[in-house]
Amino acid sequence: MHMTPTPLNRSRPGRWWRAALAVFRKEMAETFRDRRTLIAAVVLPALTMPIVVLAMPVLAQRQQATLRDRPARVAVEGEDASGLATFGFDAGALSLVSVPQPRTALLRGEIEAVLVDEGAPPGRSHTVTVLYDETRPASSAAVQKIAQVAARLALRDLEAAARARGADPASLVSVGITPQNIAPPERTGGALLATAVPFFLAVWLLLGGQYAAIDIGVGERERGSLEALLATPPSRTALAGGKFLAVLFPSLLAVAVMLAAGVITLALGARLLTSSPVVVSLPIGAVVPLLLVGVALGGLLSAAQLTISLGAGTLREAQQAFAGLYLVVALPLMLVPLLGDWVSRPWAALVPVLNAAVAFRAILAAEISPAALLATLGSLVVLTVPVFLWGARLLEGQGRAIR
C-alpha cells in the first residue's frame, strides 16, 4: 500500500541538519574556550612550520657550502707523479696531510681521501686512484673536488701544450681519476643503521610509554583510583618511582622491538639501498652504549611524561601537552642529519634529545668517543632528576589535597 509522507517525515532532513549544526556550535564553543586547544591547533603549527620550512633548507645549504668551500684533506700514497696533488694545493682546493698510514687515517675520518698515482705508460694518460670512504659525506665530496681539480689540471696542461707546440689538445695526455671505496662492508652497514634508526629510537622512547603515562597519572585520577593509592604507606617519592618505572619499561620494550625489526629489515633489504658490499649487523660492542643512552633518554622522556600526566587537569589537557612534547623531541631529530660539523662541537653533547640522537648515530657508525658518551649520559641524567622530583612533588600535592 502506498503511503503519503506526513509533514513530520518531510521535515526530518532539515531538522537533522539544524540539530547537527547546533551541536557543532556548542562543542566548538566549549573546545575553543580552552586556551590549550588553541595552542595545540594554531600556535604550535604556526611556530613549528617556519622552523621546518626555513631551517632545514638553510642547514642543508650550509652543509653543502661547507663541503664545497673547505679544502679537502688528502694524503698522497707514493709519488705525486701527475702533479695533481700539488696543483690542487696551489689552487686552494686540496689540503695535503702527511700521515704514516693514509688508509687507516681515511677510515678514522682524519683525512677525506688518499691519492694513489699509478704513473703513466708512454703515450697514455696518468691514472690516479682516489681512495675514499663512501659512508662519510665529506669523503664523497672530496672525490668530486679531486675530479674537478683533475679536469682543471688537464685543461691547463692541454692549453699550454697546444700553444707551445701547435698540437691538437685532443691528442695530448691527461690525468684520469678512478674512485675506489675502501669502507668495509660492516662500516657501510653501520652507516645505513646510523641513517635510518636514530630518529625512530628516540620517537619510540617517547611513544612507547605515552599511554602508560596517561593511564597511571590523569587516568587514575579520573577513575578515582589515585586516592586509594595515595592512602597507602609508601612515600610519595616511592610511588612516583614506581610510576616512573611503569612508564619507562614499555618505552624500552618498544625500542628493543623496533631496533630488532630495523636491523633485520636492513639486513634483508640493504642491497636495495646501496650497490657497495654491505653487512648489516649490531655488534655486541654497540649494544651496551646503545642501551645506556636509550635508558638515559628514556628516563628523561618518561619523567617528563609522568610529570605532565600528574599535573594535567583532564585527559584532553594531558594529550595536548604530549603533542607539544612530541614536537620538542621530533624537531631536533629531523635537523640532526643537516647540522654537519656542529654535531661534533662540545655543546652538542649537552643539548637534551639532540645529544642522544647524535650519540645513537655515532654508536651505530662505530665513531662514538668515551668523552662524548659520558657527556651525553651525564647531561641526560642531570636533567632527569629535577623533572622526576617535580612529578613527585605534584603527587605529594595531590595527596595533601585528598587529606
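Begin by selecting Ser251 in this predicted model and displaying its surroundings: leaving out residues up to four places away in sequence, Ser251 touches Trp204, Leu205, Gly208, Gly209 and Ser302. Ser251 belongs to helix α11, and with a relative accessibility of 0% it counts as buried.

Stay on the same helix and move to Ala254, which is also placed in α11. Once residues up to four places away in sequence are set aside, Ala254 touches Trp204 and Gly208. A distance label drawn from the C-alpha of Ala254 to the C-alpha of Gly208 should read 5.4 Å, although 46 residues separate the two in sequence.

**Helices α9 and α11**

Next, colour residues 210-223, which form helix α9, and residues 236-269, which form helix α11. Two packed helices are described by the angle between their axes and the distance between the axes. Here the angle is about 150 degrees and the axes lie 8 Å apart; since angles over 145 degrees count as roughly antiparallel, α9 and α11 are therefore roughly antiparallel to each other. To see the contact itself, show the side chains of Ala212, Ala213, Ile216 and Glu220 in α9, which meet Lys243, Ala246, Val247 and Pro250 in α11. Sorted by character, the residues of this contact comprise 6 nonpolar and 2 charged, with no polar residue among them.

**Helix α13**

From α9, pick Val218 and then Glu317, a pair whose C-alpha atoms are 9.3 Å apart in space while the residues are 99 apart in sequence. Glu317 lies in helix α13. Is Glu317 buried or exposed? Its relative accessibility is 18%, and because buried means under 20%, Glu317 counts as buried.

**The largest nonpolar core**

Now select Leu201, Val280, Val293, Leu297 and Phe360 together, for these are the residues with the most contacts inside the largest nonpolar core, which has 63 residues. In soluble globular proteins, nonpolar side chains tend to be buried together. To see where this core draws its residues from, colour α7 (185-196), α8 (198-207), α9, α11, α12 (284-311), α13 (315-335), α14 (354-364) and α15 (370-402), each of which supplies at least two of them. Which helix gives the most to this core? It is α12, with 11 residues.

Centre the view on Val293 and show what surrounds it: apart from its neighbours within four places in sequence, Val293 is in contact with Ala356, Ala359, Phe360, Ile363, Leu373, Leu377 and Leu380. Apart from the largest core lies another one, of 19 residues, and Ala72, Val74, Val128 and Ala142 are among its members.

**The sheet**

Two residues of that second core, Ala72 and Val74, now serve as starting points for the sheet. Show the strands as a cartoon, and 5 of them can be followed through an open sheet in the order β2-β1-β3-β4-β5, with mixed pairing. At its edges are β2 (94-96) and β5 (175-181), each of which pairs on one side only. On average, and with direction ignored, neighbouring strands of this sheet are turned by 35 degrees against each other.

Work across the sheet from β2. Strand β1, residues 72-77, runs parallel to β2 and is joined to it by 3 bridges, and within that pairing Ala72 stands opposite Leu94 of β2. On its way to β3, β1 is again in a parallel pairing, now over 4 bridges, where Val74 stands opposite Ala113.

Strand β3, residues 113-117, merits a pause, for 5 of its 5 residues are buried. Turn the view to compare its two faces: Ala113, Leu115 and Asp117 are on one side, Val114 and Val116 are on the other, and all of these are buried, leaving both faces covered. Continue to strand β4, residues 126-132, which pairs with β3 in the antiparallel sense over 4 bridges; in this pairing, the bridge partner of Asp117 is Val128.

**The whole model**

Finally, zoom out to the full protein, which has 15 helices and 5 strands. Of its 403 residues, 39% are buried. Among contacts with a sequence separation of 6 or more, 74% come from residues 24 or more positions apart.

Definitions and conventions. Residues are numbered from 1 along each chain as its sequence is written. This is a predicted model: local features need pLDDT of at least 70, side-chain atom pairs count only at pLDDT 80 or more; totals for chains, interfaces and linings use all residues. Side-chain values use heavy atoms; hydrogens and water are left out. Axes are lines fitted to C-alpha atoms, for helices over the stretch in contact, and angles run from 0 to 180 degrees between N-to-C directions. Angles under 35 degrees count as roughly parallel, over 145 as roughly antiparallel, 65 to 115 as roughly perpendicular and the rest as oblique. Contact means heavy atoms within 4.5 Å. Ala, Val, Leu, Ile, Met, Phe, Trp, Tyr, Cys and Pro count as nonpolar, Asp, Glu, Lys and Arg as charged, and the others, Gly among them, as polar. A nonpolar core is a set of buried Ala, Val, Leu, Ile, Met, Phe, Trp, Tyr and Cys residues joined through side-chain atoms within 4.5 Å. Buried means under 20% relative accessible area, exposed over 50%, partly exposed in between (1.4 Å probe, protein chains only). Two strands pair if DSSP finds at least two bridges between them.
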